[in-house]
Protein chains: 2
Amino acid sequence: MTTRHFRPDSPGYIEQLRRLRLRLTPQRLVVLEALATHGGHMTADEILQWVAQRYPDISLATIYRILDLLISAGLVSRADLGGNATCFELIGDSPHHHLVCTRCGTIIELDGTLLAPLRERILCEYGFQVDPRHLALFGICRRCLTAGQTRTMPQETTHP
Amino acid sequence: MTTRHFRPDSPGYIEQLRRLRLRLTPQRLVVLEALATHGGHMTADEILQWVAQRYPDISLATIYRILDLLISAGLVSRADLGGNATCFELIGDSPHHHLVCTRCGTIIELDGTLLAPLRERILCEYGFQVDPRHLALFGICRRCLTAGQTRTMPQETTHP
DNA sequence: GTGAGTGCAAATGCTTTGCAGACGT
DNA sequence: ACGTCTGCAAAGCATTTGCACTCAC
């Protein structure tokens, strides 16, 4: 059980929006709720599907505008995980990165602390501050590695 | 353009194409030449601009088809460096990665060996084989770091 | 000669934008 | 009441695809 403020059931992001003087519209709240409920990364369209169940008239354009706003506010992060699907994610307490399998599309979450040494080294040697919330590593997942050992050239493959 | 025979100064990628039984069309050769001459990463449109000077009637669709082919052949790598520009690059001898500044768009090349320890660790702990040629790290470059220390929220900024 | 490769143009899919009306503060 | 936010539809942009023709082999 965590310590809460005066409103026991209001998530922290509502207070955060208030603090930034951003209007609490139902659309914004329901987008945040979608991201919070789902937990992981969602595409704009996935958010629309989820949201449409309780807020049918919401528009995809609005979703995009809200996501841009939330990213500027620092509540949401954007991640390009491959070519055709930009994903969005609520920034939570546990920073992590993504391992994207280029064969089957599986996305694995990677503990954020693993990257710390590399980040430090890049900061020292290049003066470049790597954003810990905006990273994807592409490659082949264990399953595809085992399945495709005999293969010489990358192919389109999808797991059932 | 007529059939080319073996030439002592022909780049390695021509032999590689032959080895894979892929046809050596002038379009393919000129796309490879563009990538080889330019050295770094190019967007499909940049390749078109370069190629159009000596091969005016080439189509952007063909560029994309050729790039897909070259990627499958392992001669070219694709890198999503930010949202609106997919870049392509000839795979050379010195593997490297990209540091993309989300403020000014600068792209810094990162020595490939820096990632080796992280790759090994991910392979051990997750069984995931990170593709060493397909990586971008996003963050803030030294210049923007120094220039924007007082800033609290990321903004659109472009260096001259 | 034959099948793969190409040019053209239209289609696609994701994202952004213009504008009039709606709504949170 | 004010200025912002939203819905709708249309535009934008990079990328893909269908089809007839061309060309490397």
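Below, a visitor and a guide talk through the contacts in this predicted model.

Visitor: Glad to be here! Which residues are closest to DNA strand D?

Guide: Welcome! In this predicted model, 23 residues surround DNA strand D. Of the strand atoms that come within 4 Å of the protein, sugar and phosphate account for 68%. The closest residues are T25(A), Q27(A), T62(A), R65(A) and Y64(B).

Visitor: Which side chain has a polar atom 2.9 Å from a base nitrogen of DNA strand D?

Guide: Two arginines of chain A are worth a look here. R23(A) places a polar side-chain atom 3.0 Å from a base nitrogen of DNA strand D. For the distance of 2.9 Å to a base nitrogen, the residue is R65(A).

Visitor: Which backbone lies 3.0 Å from a phosphate oxygen of DNA strand D?

Guide: Chain B takes part on this strand too, as α4 (60-72) of chain B supplies at least two residues of the surface, along with α2 (26-38) and α4 (60-72) of chain A. By class, that surface divides into 10 nonpolar, seven polar and six charged residues. The backbone N or O atom at 3.0 Å from the phosphate oxygen belongs to L24(B).

Visitor: Now the other strand. How far is the side chain of T62(B) from a phosphate oxygen of DNA strand C?

Guide: DNA strand C is surrounded by 21 residues, and the closest are L24(A), Y64(A), T25(B), R28(B) and T62(B). The side chain of T25(B) has an N or O atom 2.6 Å from a phosphate oxygen, while that of Q27(B) has one 2.9 Å from a sugar or linking oxygen. For T62(B), the distance from a side-chain N or O atom to a phosphate oxygen is 2.4 Å.

Visitor: Which elements give two or more residues to the surface near DNA strand C?

Guide: By class, this surface has nine nonpolar, six polar and six charged residues. The elements that give two or more residues are α4 of chain A, together with α2 (26-38) and α4 of chain B.

Visitor: Let's turn to the two protein chains. How many salt bridges does the rule find across the interface of chain B and chain A?

Guide: Here 37 residues of chain B are in contact with 37 residues of chain A. About 3,100 Å² is buried between them, with 68% of that area from carbon and sulfur atoms. The rule finds eight residue pairs in polar contact, but the number of salt bridges is zero.

Visitor: Which element gives the largest share of the side of chain B that touches chain A?

Guide: Several elements give two or more residues to this side: β4 (96-101), β5 (107-111), α5 (116-126), β6 (129-140) and α6 (142-147) of chain B. By class, the side has 23 nonpolar, seven polar and seven charged residues. The largest share, 10 residues, comes from β6(B).

Visitor: Finally, inside chain A, which three residues supply 51% of the area that domain 1 buries against domain 2?

Guide: Chain A is divided into domain 1 (1-91) and domain 2 (94-151), and nine residues from each domain enter the contact. About 710 Å² is buried between the two domains, with 64% of it from carbon and sulfur atoms. The count of residue pairs in polar contact is one. The trio that supplies 51% of the area domain 1 buries, more than any other three residues, is H41(A), L81(A) and E89(A).

Terms used:
Residues numbered from 1 in each chain as written. Chains lettered and ligands numbered in written order. Predicted model: local features only at pLDDT ≥ 70, side-chain atom pairs only at ≥ 80, totals over all residues. Heavy atoms only, no water. Near = heavy atom within 4 Å. Polar contact = N/O pair within 3.5 Å; in protein donor to acceptor, adjacent residues only side chain to side chain. Helix = DSSP H or I, 4+ residues; strand = E, 2+ residues; numbered from the N terminus. Nonpolar A, V, L, I, M, F, W, Y, C, P; charged D, E, K, R; others polar. Contact = heavy atoms within 4.5 Å. Buried area = accessible area lost by both parts, 1.4 Å probe. Salt bridge = Lys/Arg side-chain N within 4 Å of Asp/Glu carboxyl O. Domains from an automatic or database assignment.
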